[in-house]
Amino acid sequence: MAWDIVFFLAPDDETAAATYLRGPGAAFESVTCRFVEPDSAIAEWDMYFEAPSAEAPPRERLSAWRP
């Protein structure tokens with residue numbers, strides 16, 4: 001289980017790589033996720049990209065997800 005994952009957008013790979021040890025800080029707008037379960041995270045993220053929503057996909061939909 002991952003405890004903290006920070007998502008942010010950087011203008012290029014070099015800028016993103018420069019945040020490796022310190023994180024994005026205040027320079028980039030970011031979202032921090034806690035207690036990510038690797039088994040369901042990919043399915044959940046895929047569904048957010050497929051149909052963006054502020055709500056988590058229902059458990060039934062997560063359980064039925066196939067890559």
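1. Helices (H or I, at least four residues) and strands (E, at least two) are taken here as DSSP runs, numbered from the N terminus. On that basis the protein chain has three helices and two strands, and read from the N terminus its elements follow the order β-α-β-α-α.

2. This is a predicted model, in which local features need pLDDT of at least 70 and side-chain atom pairs count only at pLDDT 80 or more, while totals for chains, interfaces and linings use all residues. Residues are numbered from 1 along each chain as its sequence is written, and side-chain values rest on heavy atoms, with hydrogens and water left out.

3. Of the 67 residues in the protein chain, 16% count as buried (under 20% relative accessible area, with over 50% exposed and partly exposed in between; 1.4 Å probe, protein chains only). When contacts (heavy atoms within 4.5 Å) are restricted to residues at least 6 apart in sequence, 40% of them join residues at least 24 apart.

4. The largest pocket (on a 1 Å grid over the protein atoms alone, an open set of points where a 1.4 Å probe fits, with protein on both sides within 12 Å along at least five of seven lines) holds about 470 Å³ of space, a volume being the space filled by probe spheres set on the points. Its lining (residues with an atom within 4 Å of a point) consists of 16 residues, of which Phe7, Cys33, Glu44, Trp45 and Tyr48 are the closest to the centre. Two or more lining residues are given by each of β2 (30-36), α2 (38-50) and α3 (59-64), and the largest share, six residues, comes from α2.

5. Helix α2 deserves its own point. Its 13 residues should span 18 Å at 1.5 Å a residue, and its end C-alpha atoms are 19 Å apart, which agrees; the expected span is 1.5 Å times one less than the number of residues. The buried residues of α2 are Ala41, Ala43, Glu44 and Met47, and what covers them includes β2 and α3. Glu44 is thus both buried and among the residues closest to the centre of the largest pocket.

6. Val6 lies in strand β1 (residues 2-8) and, with a relative accessible area of 35%, is partly exposed. Leaving aside residues up to four places away in sequence, Val6 touches Pro24, Ser30, Val31 and Thr32. For the pair Val6 and Pro24, which stand 18 residues apart along the chain, the C-alpha atoms are separated by 8.2 Å.

7. Thr19 is placed in the loop between α1 (13-17) and β2, and it counts as buried because its relative accessibility is 6%. With residues up to four places away in sequence again left out, Thr19 touches Phe8, Pro24 and Phe28. Pro24 therefore appears in the contacts of both Thr19 and Val6.
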